[in-house]
Amino acid sequence: MLSFIDTHCHLDGEEFAADREEVVARARAAGVSKILVPAIDFKSCHSVLDVCRQYPDYCYPMLGLHPEEVRADWRQQLDSLGTVLSESLQTKTHSEPSPVGPIAIGEVGLDYYWSREFEQEQLEAFEEQVRWSVETRLPLMIHCRKAQNEMVAILRKYADDLPGGVFHCFTGNEIEARELLQFNRFVLGIGGVLTFKKSNLPQTMAVIPLNRIVLETDAPYMAPVPHRGQRNEPAFVSEVLRKLAEVYGVSEEEVARQTTANAFEVFKKI
């Protein structure tokens, strides 16, 4: 059976509260070997860590402040989140058979799609978390909408020191793809948008090497065809894999093998 990794799934969300066990069982049955779970704010750090403790060696936590959660209290949020990050990195003990510690800083980034009300605050919060990545050697899980120029400007300041990461939910054009791929040790996260009928992403993939992408769902959001309109879940990442094999003209086995290797290269702690 094929084996592959969902590198971005909000499994801690309320959308999975009623049937999380069944969702994980379906993911395993579909071939998902690991699920990476990002936090979006201080509160969700705890729910992410709790879910990952429930599924040791299968679910792995990422801790960060999502740009859409950057508001007037962003400084307090970031300080509290930084404390959780520091403590979770320090409290992994030999007494735990499978200690849970963060494997990445995420989900972080910039998002000016809806509003620029907290534009400066987003920039400051993102740059601080980029510095966390440099200091902890944990890769970044980056969310970016309508802000690539600003994001790239910040990353370039730390380019030589960054341990790598993922540009999550990439849906851009060839020019944007080439710009992002200039950052060594970074890959593009490809999800359900690839399967959408009107998506331009299949054409863009022509300039993206297979060894620079990872699979993701962003579940419960962005369900791929033929599940559009439904709650997304990790098992559906197989639809993204299937479409990628078609786009690249290679076997599904090759896509599974290469994207899994890419994920292990970025996320050293899994």
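I began by fixing one term: two strands count as paired if DSSP finds at least two bridges between them. I also noted that this is a predicted model.

**Entry on strand β4**

I looked up strand β4, which covers residues 104-111, and found that 8 of its 8 residues are buried, so the strand is largely enclosed by the rest of the structure. I then asked which strands pair with β4 and in what sense. Strand β3, residues 59-63, is joined to β4 by 2 bridges, and the two run parallel. Strand β5, residues 140-145, also pairs with β4 in the parallel sense, over 6 bridges. To place these pairings on single residues, I noted that L63 has I105 in β4 as its bridge partner, and that G106 stands opposite M141 in β5.

**Entry on the nonpolar cores**

I recalled that nonpolar side chains tend to be buried together in soluble globular proteins. Here the largest nonpolar core has 72 residues, and those with the most contacts inside it are L11, L155, L188 and I190. A second core, separate from that one, has 14 residues, including I5, M141, V214 and V266. I recognised M141 from the previous entry, where it is the residue of β5 opposite G106. Returning to L11, I asked what it touches once neighbours within four places in sequence are left aside. Its contacts are then F16, R20, V23, V24, I35, V37, V51 and C59.

**Entry on the cavity**

I next asked how many cavities of 30 Å³ or more the structure holds, and found 1. The largest cavity has a volume of about 40 Å³. I wrote down its lining, which consists of C169, F170, T171, G191, G192, V193, L201, E216, T217, D218 and M222. Sorted by class, this lining has 5 nonpolar, 4 polar and 2 charged residues.

**Entry on E176**

I finished with E176, which is found in helix α6, residues 174-181. Is E176 buried, exposed or partly exposed? Its relative accessible area is 30%, and because partly exposed covers the range between under 20% for buried and over 50% for exposed, E176 is partly exposed. Leaving aside neighbours within four places in sequence, I found E176 in contact with Q148 and F170. F170 had already appeared in my notes as one of the residues lining the largest cavity. As for Q148, it lies 28 residues from E176 along the chain, while the C-alpha atoms of the two are separated by 8.0 Å.

Key. Residues numbered from 1 in each chain as written. Predicted model: local features only at pLDDT ≥ 70, side-chain atom pairs only at ≥ 80, totals over all residues. Heavy atoms only, no water. 1 Å grid on protein atoms, 1.4 Å probe; cavity = no way out; pocket = protein on both sides within 12 Å on 5 of 7 lines; lining within 4 Å. Points joined across faces, edges and corners; volume = space filled by probe spheres on them. Nonpolar A, V, L, I, M, F, W, Y, C, P; charged D, E, K, R; others polar. Core = buried A, V, L, I, M, F, W, Y, C linked by side-chain atoms within 4.5 Å. Buried < 20%, exposed > 50% of the residue type's maximum accessible area, 1.4 Å probe, protein only. Contact = heavy atoms within 4.5 Å. Helix = DSSP H or I, 4+ residues; strand = E, 2+ residues; numbered from the N terminus.
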